Amino acid sequence: MTINGRVILEARDVHKQFPRRWGSQVAAKALDGVSLKVESGETIGIVGESGSGKTTLSRLLLGIDRPTEGSVLFRGVALLRLDDRGRRDFRRAIAAVFQNPYSSFDPRMRIWQLITEQLVIERSGTDRERRVRASELLTRVGLDARMAERYPHQLSGGQRQRVAIARALVSNPEILILDEPLSALDVSVRAQIINLLLDLQDSLKLTYIFIAHDLAIVQHLCHRTLVMYRGRVVEEGATSTLFEKPAHPYTAALIAASYLSEAQLQERGHTLAESQEEPPAGGCAYQPRCPIATQLCIKVAPSYRHLDTAHRALCHYPAGFDRGFFESNYDSLDAGGLDQPSLGRDETRQQRDH
Ligand SMILES: Nc1ncnc2c1ncn2[C@@H]1O[C@H](COP(=O)(O)OP(=O)(O)O)[C@@H](O)[C@H]1O
Ligand code: SF4
Ligand SMILES: [Mg+2]
């Protein structure tokens with residue numbers, strides 16, 4: 001697949017703060033300065049543990065929520081500045097598939113009505129035309145067109161996710177935001193849905209933003225990957241570079257967790273579970289969990305370091321970790337008193353000594 005480099009959608013330094021919850025002292029900062037450019041034809045992966053801000057980012061990109069600061073741009077124009085026609089084009093151009101479509105399906109609507117709901121909102125076509133469109137889309141996503149007359153509860157999980165994909169395709173979008181579309185599915189069904197998504201991307205020239213927990217899928221599907229932690233992009237780069245030489249310790253931990261068993265991780269005293277410890281004010285948000293943190297990390301928040309033009313990491317000590325780095329160095333890194341972590345790469349040391 002070729003990427004033509006045209007930026008369709010952009011998030012520019014977006015922040016999202018939710019109102020303070022009852023009993024909580026602080027407002028929840030779900031996004032803390034995220035920037036992202038989405039080019040036509042590419043597949044972008046977004047990974048990060050639960051609560052890191054992935055869904056909040058996708059809701060801003062879809063225009064469902066507004067950023068507290070910063071802006072989202074569609075073909076170079078801020079969403080708030082789009083005229084009526086621009087807004088209509090935007091609504092058609094970006095669509096989403098979420099993890100659990102069942103919760104957003106009205107149980108009283110038939111499948112053909114669910115698929116074509118957007119056309120009703122746009123007052124596009126007659127009932128008859130919408131039924132025909134639903135049948136076409138059902139076939140396109142590998143379902144029997146006769147399913148059009150059924151209700152959501154009569155479908156299996158995999159069939160419902162196919163219906164959700166058909167529903168997202170109804171306005172011929174350019175970009176599909178797929179927010180953990182496989183997480184609720186049986187392992188046996190996941191490969192089928194991945195193949196469907198790949199076929200659709202090829203035939204319809206779609207651009208994907210693929211949000212996932214499963215790193216193996218991102219590695220397989222995505223040209224570029226963003227790693228999120230506590231509302232920030234902590235690393236971004238070509239997927240192959242990120243998986244071969246993760247620069248941020250959190251990316252390295254995520255990759256390690258994907259090929260070490262939970263038991264092996266626990267044996268090393270490490271788990272990806274959220275730390276209870278609050279990060280230091282003014283320091284690096286990842287510091288409480290970071291095996292190579294130094295005094296500098298406690299005191300000073302890192303800014304982005306560029307490892308090459310397309311690869312950046314939010315870390316004072318971005319390392320060219322090898323794939324086996326985390327495993328082979330874990331014990332020494334975890335030994336405490338890590339003012340002089342042995343990163344094993346000269347250029348990294350030079351960067352640090354700077
Ligand atoms: N509507 C909301 N009100 C308050 N806090 C929210 C809301 N939505 C998300 N959050 C908070 O924002 C953070 C990021 O959430 P989310 O974007 O859903 O993360 P992810 O999709 O990566 O699991 C979490 O701490 C979550 O509790
Ligand atoms: S800045 Fe320090 S604490 Fe933060 S990720 Fe990098 S090494 Fe770890
Ligand atoms: Mg989410």
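**Exercise 1.** Which residues surround ligand 1?

*Solution.* The model is a predicted one, in which local features need pLDDT (the predictor's confidence in each residue, from 0 to 100) of at least 70, side-chain atom pairs count only at pLDDT 80 or more, and totals for chains, interfaces and linings use all residues. Residues are numbered from 1 along each chain as its sequence is written, while chains are lettered from A and ligands numbered from 1 in the order in which they are written.

Step one is to list the shell, where a residue counts as near if its C-beta atom, placed from the backbone, lies within 6 Å of the molecule. Ligand 1 is surrounded by Phe 18, Ala 28, Ala 30, Gly 48, Ser 50, Gly 51, Ser 52, Gly 53, Lys 54, Thr 55 and Thr 56.

Step two is to assign elements, with helices (H or I, at least four residues) and strands (E, at least two) taken as DSSP runs numbered from the N terminus. Two or more residues of this shell come from each of β2 (28-39) and α1 (54-61), and α1 gives the most, with three residues.

Step three is to sort by class, counting Ala, Val, Leu, Ile, Met, Phe, Trp, Tyr, Cys and Pro as nonpolar, Asp, Glu, Lys and Arg as charged, and the others, Gly among them, as polar. The shell around ligand 1 then divides into three nonpolar, seven polar and one charged.

**Exercise 2.** Explain why α1 is described as largely enclosed by the rest of the structure.

*Solution.* A residue is buried if 20 or more other C-beta atoms lie within 10 Å of its own, exposed if 12 or fewer, and partly exposed in between, with C-beta atoms placed from the backbone. Six of the eight residues of α1 are buried, so the helix is largely enclosed; the buried ones are Lys 54, Thr 56, Leu 57, Ser 58, Leu 60 and Leu 61. Just after α1, Gly 63 takes a positive phi of about 75°.

**Exercise 3.** Describe how strand β10 (residues 232-238) is placed among its partners.

*Solution.* Strands pair if DSSP finds at least two bridges between them. Six bridges join β10 to the antiparallel strand β9 (residues 224-229), and Tyr 229 stands opposite Arg 232. These two strands form a hairpin with two residues between them, where Arg 230 in the turn has a positive phi of about 45°. Strand β10 also pairs in the antiparallel sense with β12 (residues 311-314) over two bridges, Glu 235 standing opposite Ala 313. Finally, six of the seven residues of β10 are buried.
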